[in-house]
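Visitor: I'm new here, so please pick one part and walk me through it closely.

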Protein chains: 2
Amino acid sequence: MDASIADGRAAGIGRLAKSTLRERIAERLRAAILAGDIAPGSSLTETALSARFDVSRGPLREALRQLVDEGLLVTVPYTGTHVASLSVEDVREIFSLRTTLEIFAFDQVWDRRDDDFRAELLRRNRVLIATIDAGDDRASISAELAVHGLVYEAGGHKLLQHAWQGLCGRLQLYWAAHHRAHGRRGPRRDSHDSYIAAALGDDLAALRSEITDHMRRGVEVTERFLRDAGLANVGKKGDMT
Amino acid sequence: MDASIADGRAAGIGRLAKSTLRERIAERLRAAILAGDIAPGSSLTETALSARFDVSRGPLREALRQLVDEGLLVTVPYTGTHVASLSVEDVREIFSLRTTLEIFAFDQVWDRRDDDFRAELLRRNRVLIATIDAGDDRASISAELAVHGLVYEAGGHKLLQHAWQGLCGRLQLYWAAHHRAHGRRGPRRDSHDSYIAAALGDDLAALRSEITDHMRRGVEVTERFLRDAGLANVGKKGDMT
DNA sequence: GTCTGTCATATTGTCGACAATCGACAATAT
DNA sequence: ATATTGTCGATTGTCGACAATATGACAGAC
């Protein structure tokens, strides 16, 4: 059996993603929500969305349901669906659970860290710093999540990764609201140095307390912001671009 | 403003669940899957299910999608949806994540344990023992999950509770497969005594190691079972009752 | 003046039918 | 005989229309 095109060795020949309409709709909608194009609390009408995307209401509804399960939307039967708006308590929950999961993720991967892991972590950190220096808030948020996401991916723990995806979405949702209401937000340039150092080091206990501190700092910023801004974002109307 | 019925102080006055067809379908299907009425790996055809439930394919598809998100079903576009069948690695993931989450849950609730908590925990444990003595495997599984579930409920941590729900479903799915293939399974009568004692005690570190041991015992039974049985459950056909 | 009952309208929930795609079998060429 | 290709039935994906429900405004009674 000689080499043929079916072997997939040729560049660019691989499984191409079979896209259903539902997936593409969910993708676009999620991107729009996480980018802050739709304000938390604003209501989404199915007919309007189906007209905008030029699709039927069937796959649109399935996409909405999926985003509901991801925690990005809330829906009350026969009434409507709204973009979820997080309370300060919700944010506290996100960070507390994230602390636990991230420590667990490092526990899983600690003895399996290899050169590839270290190199990739440093690479993502460089990307993060670059986006921060460029002043690109949106990209720096994604870059920060990519840095933290590596440890979840490296462990090969599918369930853990799934949980991280859920937290990821909610975090972006909050940051989008923060950015929208508070102007520029970007993570500070050096806020991750100690985190990276601990992640590459050999002291697991030190890393654990570093993660805990890292999250505490995050939730402190959050609480200060939310207390100042009140809950003004609830019920505010928004529109997609 | 004096007290009126609108205040909701009266017993039994609260938001009553408005049921959509989708929710009821998801409920029934989930129950059927978790009870083991549909074997893991068996395929579900939408038309057959819609005919059986006497509903259209619209709400049925939404229910299926919801169960996919819960990890009970897997679906490949244009091909079909199957009841998820867990590999030994999946079960290991479930127990490892559950260990972490349950310890976290106790961390959250530890200083807030009151008499109600203790009484409820003992009550659920008595129910568990009663169902075990009665030889009712299905009920004893639910009772065991209820015992462990209390700490997740008591913390008031919505995100944590959501994660527990997800684990709960997958656990029941595995146990249903176990029960189906292995005959009676029930938890041993005294396997929870030390757990309950530690949960009611004052030594958090002891509880942590107790939880770890408890889960390790669970995963050991699992691995032994799955190694003996092979992966014979994959692809096996089943039918609803 | 406040409350209650009614109605109009907009939005969601549900249904049945059509189109796109997949998996398997048969036909065919080498 | 084997590998490739064309075809067919079955199943899923998508659509447009209809029914059920919630929300708000308005008229009428106490």
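**A close look at two packed helices**

Guide: Helix 4 and helix 6 of chain A sit oblique to each other (neither under 35 degrees, roughly parallel, nor over 145, roughly antiparallel, nor 65 to 115, roughly perpendicular). This is a predicted model, where local features need pLDDT of at least 70 and side-chain atom pairs pLDDT 80 or more, while totals for chains, interfaces and linings use all residues. Residues are numbered from 1 along each chain as written, chains are lettered from A and ligands numbered from 1 in written order, and side-chain values use heavy atoms, without hydrogens and water.

Back to the pair: helix 4 covers residues 88-109 of chain A and helix 6 covers residues 137-154, with an angle of about 50 degrees and axes 8 Å apart. Helices here are DSSP runs (H or I, at least four residues; strands are E, at least two), numbered from the N terminus. Axes are lines fitted to C-alpha atoms, for helices over the stretch in contact, with angles from 0 to 180 degrees between N-to-C directions. The crossing in chain A is left-handed, meaning the near helix is turned anticlockwise from the far one by less than a right angle.

So who touches whom? Helix 4 of chain A brings A:Arg98, A:Leu101, A:Glu102, A:Ala105, A:Phe106 and A:Val109, and helix 6 of chain A answers with A:His148, A:Val151, A:Tyr152 and A:Ala154 (contact means heavy atoms within 4.5 Å). That makes seven nonpolar, one polar and two charged residues (charged means Asp, Glu, Lys and Arg; nonpolar means Ala, Val, Leu, Ile, Met, Phe, Trp, Tyr, Cys and Pro; the others, Gly among them, are polar).

Now hop to chain B. Helix 4 (residues 88-109) and helix 6 (residues 137-154) of chain B have axes that come within 8 Å and cross at roughly 50 degrees, which makes helix 4 of chain B oblique to helix 6 of chain B. Their crossing is left-handed. From helix 4 of chain B, the contact includes B:Arg98, B:Leu101 and B:Phe106, and from helix 6 of chain B, B:His148 and B:Tyr152 are among the residues. By class, the contact in chain B divides into seven nonpolar, one polar and two charged residues.

One last glance, at the DNA: A:Arg57 has a polar side-chain atom 2.8 Å from a base nitrogen of DNA strand C, while a backbone N or O atom of B:Leu21 lies 2.4 Å from a phosphate oxygen of DNA strand C.

Key: Polar contact = N/O pair within 3.5 Å; in protein donor to acceptor, adjacent residues only side chain to side chain.
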